[in-house]
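Ready for some practice in reading a protein fold? Take a look at the sequence and the structure, then work through the exercises below.

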Amino acid sequence: MKNKIEIQETAFVTSAFRSSDEELSKDIYAKLWQNSKTDAWIKNYLTSVSKDEAFTHCLRNRYFYEEIKKLSENDEIEMLINFGCGFSMYPFLLNENLIHIEIDKSEIIDFKREKIKKWQEANELPKRKIHYINTDFSQENEKNLLSEINSIKKEKKSFILIEGVLYFLSKNDTNRLFELFRKIQTKGESIGTVSFEDSILETPVFKRLMHFQNKKVVANQRADNHTINGDFYNHLRDYKLTDHQDYFSLSEKYTPKNALKNRDEILNENMYLLKKTN
Ligand SMILES: C[S@@+](CC[C@H](N)C(=O)[O-])C[C@H]1O[C@@H](n2cnc3c(N)ncnc32)[C@H](O)[C@@H]1O
């Protein structure tokens, strides 16, 4: 564990967590991203921060997988726009008619596009309609991003997903992104988002995360906002909150025999669904 990892490399970690229980996460392709550097990193992370992180990330994937699948089957969405997509594999898990826009830093997108192409050529992955966009959310590039997305999206009904990303951004970047989402979407379209609430800050497990991260992850100098309270989503212009879950409620739902209990030991993320009202 000599080298620090870059923020974008956390995407490998999320994928490795998801592959730890395919039955729960429903992600049968996450294992394709497995590599020895991530394996070593994870071992250290699970013992130093929280042993439940692999399990909770499976719950998160399962939740969004089920919710997006439902909306797609009911013809409520035609497109998934994944902001900070990392190596998530929703395009291959969901119905082939869904169109995808995958957005992340160039390091992730270039690598992901190349790998996906190879795996598709080798018939390890099914063909899907995927558009890729490189960007950096801290670069105030919304105008270009909006026109690039609009040129693909046109009138299609979208689900915007931003999971495991806001924690790495500043408050200002987060506000600009949600304003961008408002411009991208029309009435009836949805957002799925994930964030920590302020109450996590004082828990022993969050303090361990901070300690581990300061030692092992290269910082985004602009990030000042690790947490977002539910009120932010309640007051979001032109959106209404339609669902709010956390790892405790999701574990009750998907693994009732293994429901999570200890608030001090779980890095509890909150998952929200929002619907555009205007
Ligand atoms: C923990 S990973 C989560 C990836 C994916 N959403 C998932 O759940 O599997 C965080 C992702 O956010 C992306 N990210 C973080 N800061 C970013 C920024 N400023 N601009 C674009 N992407 C960013 C990283 O590159 C990485 O892919």
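**Exercise 1.** In which sense do strand 1 and strand 4 pair, and over how many bridges?

*Solution.* Keep in mind that you're looking at a predicted model. Start by finding the two strands: strand 1 covers residues 79–83, and strand 4 covers residues 158–162. They pair in the parallel sense, over four bridges. For a spot to check by eye, go to Asn82, which stands opposite Leu161 in strand 4.

**Exercise 2.** Work out the order of the strands in the sheet, and find which strands stand at its edges.

*Solution.* Step one: read across the open sheet, and you get seven strands in the order 3-2-1-4-5-7-6, with mixed pairing. Step two: look at the two ends of that order. Strand 3 (129–134) and strand 6 (239–246) each have a single partner strand, so one side of each has no neighbour in the sheet. Step three: check the twist. Ignoring direction, neighbouring strands here are turned by 15 degrees against each other on average.

**Exercise 3.** Describe how helix 1 and helix 4 are placed against each other.

*Solution.* Two packed helices are described by the angle and the distance between their axes. Here the axes of helix 1 and helix 4 (residues 53–73) come within 7 Å and cross at roughly 85 degrees. Angles of 65 to 115 degrees count as roughly perpendicular, and these two helices are therefore roughly perpendicular to each other. Next, find who meets whom: Thr14, Phe17 and Arg18 come from helix 1, while helix 4 brings Glu53, Ala54, His57, Cys58 and Asn61. Sort the residues of this contact by class and you get three nonpolar, three polar and two charged.

**Exercise 4.** Which residues come nearest to the ligand, and which helix gives the most to the shell around the ligand?

*Solution.* There are 20 residues around the ligand, and Gln8, Ala11, Gly84, Gly86 and Gly164 come nearest. Helix 1 (residues 10–19) gives the most to this shell, with three residues. By class, the shell has seven nonpolar, nine polar and four charged residues.

**Exercise 5.** Is Asn123 buried or exposed? Then do the same job for Asp238.

*Solution.* Asn123 is in the loop between helix 6 (106–121) and strand 3. Count its C-beta neighbours inside 10 Å: there are 8, so Asn123 counts as exposed. Asp238 sits in the loop between helix 10 (230–234) and strand 6. With 14 other C-beta atoms within 10 Å, Asp238 is partly exposed. Now for phi: Asn123 has a positive value near 60 degrees, though not a glycine, and Asp238, also not a glycine, has a positive value near 70 degrees.

Note on methods
Residues numbered from 1 in each chain as written. Predicted model: local features only at pLDDT ≥ 70, side-chain atom pairs only at ≥ 80, totals over all residues. Near = placed C-beta within 6 Å. Nonpolar A, V, L, I, M, F, W, Y, C, P; charged D, E, K, R; others polar. Axes fitted to C-alpha atoms, helices over the stretch in contact; angles between N-to-C directions. Parallel < 35°, antiparallel > 145°, perpendicular 65-115°, else oblique. Contact = placed C-beta atoms within 7 Å. Pairing = 2+ DSSP bridges. Buried ≥ 20, exposed ≤ 12 C-beta atoms within 10 Å, placed from the backbone.
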